[in-house]
Amino acid sequence: MKARHWLGVLPFAGMLGGVPFVNQVEPYVLGMPFVLFWIVLWVVLTSVIMAVIYRMDPAAREEEKR
Amino acid sequence: MNAALAIIFLFLLVSLYFGIRAKHGKEMNMEQWTVGGRGFGAIFIFLLVAGEIYTTFTFLGGSGWAYSKGAPSYYVLSYICLAYVLSYWLLPPIWRYAKEHRLVSQSDFFVSKYNSPVLGILVAAVGGVAIIPYLILQFKGLGIIVSEASYGSISPAVAVWIGVIAVTIYVMVSGIHGSAWTAVLKDIMIFIVVVFLGFYLPFHYYGGIQPMFEAVEAAQPGYLIFPEEGMSVSWYISTVLLTVFGFYMWPHTFLSVFSAKNENVFRKNAIVLPLYTLMLLFVFFVGFTAILQVPGLKGADGDLSLLRLSIQTFDPWVIGLIGAAGLLTALVPGSMLLMTAATLFAKNIYKVIVPQATDEQVARVAKGLVPVISLISLYFTLNGGNTLVTLLLMGYSVVTQLFPALLFSLGRKPLVNKYGAFAGILCGELTVAYLTVFNITLANLFPSWPSVLKDMNIGVVALVLNLAVMFAVSFATKGLSVRNARPAKTEGTPTV
């Protein structure tokens, strides 16, 4: 697997694998219970990660040239 | 008629107008009608996909679940977001293949990849079965919205009839072009309404988001985190994974993939769409606010929480705008679902049984089926008593079973053969049917297991059986398929 494929696994690891360790109400972040904040944080990170993957992906670059 | 209803009907008329206008000046053959001539760019696909995902379920079911279940509702946020990650790699090869072979439905894909029209019939039937509960969900949502917004003067049954007639006319006139334009209107509306409600209601009743959550936690400790048992973290992880696999297996979602202009459309959308799921956060805020403000909505009535709380808070004209947004969240996906089901039956069941039918005849059958499917769903809507969530999860467990066969077909040469694919899907579906009918969960099969295992979504079992049978049958029929693969019978099918 290439580096960008591993990056694609990251959102799964964070959003699913992380939840058992952060299943708690305190501390509230941005007004949200911590576990909800954690999921929201990973939604934002997912978007960032996908943008990085897009940049690294030769197939995407080739398509853009067309 | 009150102000709320007047506004809702105005929006209905506008969306019908969009639908009729969109058709103007375009010749409608089957490819135009269903996949928009494959000319949609990133923004339109974004709206179409978003249009299907943010349905009545999100609007009423999402808040309803936050209201009646608490933390388990967070799963919706995770699965939609992760499905977009998967889409980055899953959709480009599907799109490329579909374009090359001019496919117009999901089951075409299986027919062509596995060189088996019979497998196509099975896939079409599975899609049709899964779509019905999803359509019912939309119609039910429409009924709730219109009857609640009428302050009781229109019964849910009449409200459902009005909605169904509107959706049916809309689809028959315009096909996918209508959906895309109404999707634009819908997305603007739903965004404004949801963000406004999500901020306004907690501030209005509690003075902020955190005070609102603190009040809920004080009144019902543990409601804001996943419980130890039942819908625990283990349920969350397994359910998210299953729904991620099922996400693009919906025939209508699969179909919208075909309408993209190029493959980068999906890659770009995989960056932006996750952020769009954050809209759900505001839906949850509404549901959590409703817990202590409109208490006592039991079972399926939890789906009413958003509208009940709004009615208690706002003037009728605001209810009209909220209702109009809700109407559109049912209309757009509803029309996609209907059109897809009609295409599936016409092209992948009727055409296979009557091979000499011309393209025009198939298109005519598809259009003729639209009102028939509407009426069937209408019947179940008026006669069933399920909550929106139950309906959605039911549909999901059905479509997820198509995922392994699809995944293994993506390489140049499918990893399993058509017998394996057929047997695997069939076995998965029968397992799902059996488990659903008898309401079996791992917890009641193995009560002594630790909760990490027994809280897992039972759909995992069906998927494992599906895979096992798929590989076993493929292996056992290895010789058969090699002999059959040589003379490729269907035109446009790749030789293996």
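Me: Where in chain A does A:Leu30 lie?
Reply: This is a predicted model, where local features need pLDDT of at least 70, side-chain atom pairs count only at pLDDT 80 or more, and totals for chains, interfaces and linings use all residues. Side-chain values use heavy atoms, without hydrogens and water, residues are numbered from 1 along each chain as its sequence is written, and chains are lettered from A and ligands numbered from 1 in the order in which they are written. Helices here are DSSP runs of H or I with at least four residues, strands are E runs of at least two, and both are numbered from the N terminus. On that count, A:Leu30 sits in the loop between H1 and H2 of chain A.

Me: What is phi of A:Leu30 near?
Reply: Most residues other than glycine have a negative phi. A:Leu30 isn't a glycine, yet its phi is positive, near 50°.

Me: Which residue does a cis peptide bond join to A:Glu26?
Reply: Most peptide bonds are trans. Here omega is about -10°, and the bond is cis. The partner lies in the loop between helix H1 (3-17) and H2 of chain A; it's A:Pro27.

Me: Which helix of chain A gives the most to the nonpolar patch?
Reply: Patches take residues with over 30% relative accessible area (Shrake-Rupley, 1.4 Å probe, only the protein chains shown counting as cover) and no salt bridge, joining like charges within 9 Å and nonpolar side chains (Val, Leu, Ile, Met, Phe, Trp, Tyr) within 5 Å. This one covers about 360 Å² and is made by A:Val44, A:Val48, A:Val52, A:Met56 and B:Leu275. With four residues, the top giver is helix H2 (residues 34-56).

Me: How much area do chain B and chain A bury between them?
Reply: Contact (heavy atoms within 4.5 Å) takes in 35 residues from chain B and 33 residues from chain A. Buried area is the accessible area (1.4 Å probe) that two parts lose on being put together, summed over both. Carbon and sulfur atoms hold 78% of it, and the total is about 3100 Å².

Me: Which residue of chain A forms a salt bridge with B:Arg267?
Reply: A salt bridge needs a side-chain nitrogen of Lys or Arg within 4 Å of a carboxyl oxygen of Asp or Glu. The whole structure has four over all chains, and the count between chain B and chain A is one. In the B:Arg267 pair the closest N and O atoms are 3.8 Å apart, and the partner is A:Asp57.
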